[in-house]
Amino acid sequence: MGACIDWNAYIIVMASASSSSSASAIKAGVLVMLDELHPSSPFFTNGASLRLTGRLQEFSVETAIAVIVDGGATFRIDTQNLRDIHFRIDSLYQFIGELLIQPGLQPHQAILQARVGRNVDGMDMHLYRKSLQLRRQFEAKYMGTQST
Amino acid sequence: MAGGRSMWEWGLDPMCLSHVKLLSFDLLSLQKPNTRGGSEPFWRKGRPVRKVEMVGVVVSRERKDKFLKFELDDGSGCVPCILWLNHMTNRYYPKTDQLQMESMAAMALKQAEQVQLGRLVRVQGRITLYNKQLQITVSSAVVEKDPNAEILHWMECIRLAVRCYDMSAPLPPSHNLSDAGRKRS
């Protein structure tokens, strides 16, 4: 479980696995850490379905835009489609939605259009990060996309 | 006969009898049975799977009179689930024990109320086909309050896949007995 992963191949296979095998029209939100979401990252694609986790830094009631932070990186979340969720600064939240990168705007202005959100206070983020690495290696190995 | 093994052999495989813990991508890539009618199980690497357990976030929910249909997303796929709520009217349920049937119906209704968008839910159930697509017919749906439960489930899935599900099935008792007999003689 110590080999590196071909991220582009991994993402293509995970996307096809989540859409072709089931009758679901909903794409699975690929688990991504905030510090992995930079413009050169294979996850940074317009329309990509992602699941992001972070501590709430800001929330605007007027625009329904939340800013979450984790591992020194921040990301904006559009929460206008969410119901029954109460935002509290410094609490941990997890969102599933689609990445929106509008042409002409700076990469840091990308936003996640959330369709599902939940409070995950109590989640061990260090354990989450480590487990996610193990899980990706397992998935890549299982699906034969692991590179040496 | 399925997967080169007789029903006598795969029917005694522990994987056929237990709730197999799988991640969505693994569950959705199970090999479908060759025959219709529900007697034959699904297959994973040559081993039978009938019942599964998975943990995921509810990303869609459709409530009808007779059932609740929802989808669970664990990051590697979305798995359709159906929770039947028609225990009292469906003729396929045995009518032998009215009290038991009422309590099952009440429990299913309670579980249906708890399954809401955005909640982390652990389901156990049978794998079935609907419109040639795989789904879980839910026997139990529990909302997980601890967000770390999902992480633990991932680790269990990985450990079980590597240490158990990927291994070849243990031989049925008849093989062991005949081996022992041969050794004695």
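Mentor: A polar contact is a pair of N or O atoms within 3.5 Å, one able to donate a hydrogen and the other to accept it within protein, and sequence neighbours count only through two side-chain atoms. This is a predicted model, in which local features need pLDDT of at least 70 and side-chain atom pairs pLDDT 80 or more, while totals for chains, interfaces and linings use all residues. Side-chain values use heavy atoms, without hydrogens or water, residues are numbered from 1 along each chain, and chains are lettered from A and ligands numbered from 1, as written.

Trainee: How many residue pairs are in polar contact across the interface of chain A and chain B?

Mentor: Eight pairs meet the rule, with both residues at pLDDT 80 or more. On the side of chain A that touches chain B, the elements giving two or more residues are H1 (7-20), S1 (30-32), S5 (92-100), S6 (111-119) and H2 (125-142). H2(A) gives the most, nine residues.

Trainee: What makes A:Arg118 and B:Glu150 a salt bridge?

Mentor: A side-chain nitrogen of Lys or Arg must lie within 4 Å of a carboxyl oxygen of Asp or Glu. Here the closest N and O atoms are 3.4 Å apart, and the pair qualifies. The count between the two chains is two salt bridges.

Trainee: Why does the span of helix H5 of chain B agree with its number of residues?

Mentor: Helices are DSSP runs (H or I, at least four residues), and the expected span is 1.5 Å times one less than the number of residues. The 18 residues of H5(B), 148-165, should therefore span 26 Å; the end C-alpha atoms are 24 Å apart, which agrees.
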